[in-house]
Amino acid sequence: MRQDYFGINIIKYCREHERYLEEQDTAGADVQKLLDWHLHKLAWLQHERLIHLLVTLMTGLAFLAVLAWGCVSGWDRSTLLLAAIFLVLLAAYLWHYFQLENTVQHWYRLADALHAQLNQDTKQ
C-alpha cells in the first residue's frame with residue numbers, strides 16, 4: 001500500500017487490532033480464530049519491540065560515547081550539538097519503546113482473556 005511506504009504508526013495499528021478483536025468478539029466470531037490471529041500479531045509486535053530495544057540501546061551507547069568524547073577532548077560546539085541530537089533521539093526511542101513494551105504486556109492480557117473465553121466455551 002502506498003500510504004505505508006515510509007512506515008506505519010505502530011501504536012495506531014495496535015489500537016485498530018484491539019478494536020477489531022472487540023468487534024469480532026461482540027459479533028460472536030470464532031474465539032479460536034481470534035486467538036490465533038491475535039497470537040500471530042503478538043509475535044509481530046514482539047519482533048518490533050526487540051528491534052526497537054536494540055536501536056534504543058545503540059542510540060544510548062552512541063550518546064554515552066559522545067559524552068565520553070566531550071569529557072576527554074573538551075566540549076566544543078559540534079560535540080555539544082551531537083550530544084543534544086543523540087539525547088533527543090534517545091528520549092524519543094525510550095518513549096516509543098515504553099509504549100511498545102506496555103502494549104505487548106497489554107496484549108498478553110488480551111490473549112489470556114481470549115484463552116479463558118475459549119476454555120469457558122469448551123466447558124459448556
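The following questions and replies look at how some descriptions of this predicted model are reached.

Me: What are the ground rules for this model?
Reply: Residues are numbered from 1 along each chain as its sequence is written, and side-chain values use heavy atoms, without hydrogens and water. Because the model is predicted, local features need pLDDT of at least 70 and side-chain atom pairs count only at pLDDT 80 or more, while totals for chains, interfaces and linings use all residues.

Me: How do you know which helices and strands the protein has?
Reply: Helices (H or I, at least four residues) and strands (E, at least two) are DSSP runs, numbered from the N terminus; by this definition the protein has three helices and zero strands, and its elements run α-α-α from the N terminus on.

Me: Why is the protein called more spread out than a compact globule?
Reply: The radius of gyration, taken over C-alpha atoms, is set against a globule rule of 2.2 Å times the number of residues to the power 0.38. For 124 residues that rule gives 14 Å, and the protein has 21 Å, which is well over it, so the protein is more spread out than a compact globule. Along its principal axes, the C-alpha trace spans about 70 × 35 × 15 Å.

Me: Why is I51 called partly exposed?
Reply: Buried means under 20% relative accessible area and exposed means over 50%, with partly exposed in between (1.4 Å probe, protein chains only). The relative accessible area of I51 is 38%, so I51 is partly exposed. This residue is found in helix α2, residues 31–73.

Me: What share of the residues counts as buried?
Reply: Of the 124 residues of the protein, 27% count as buried.
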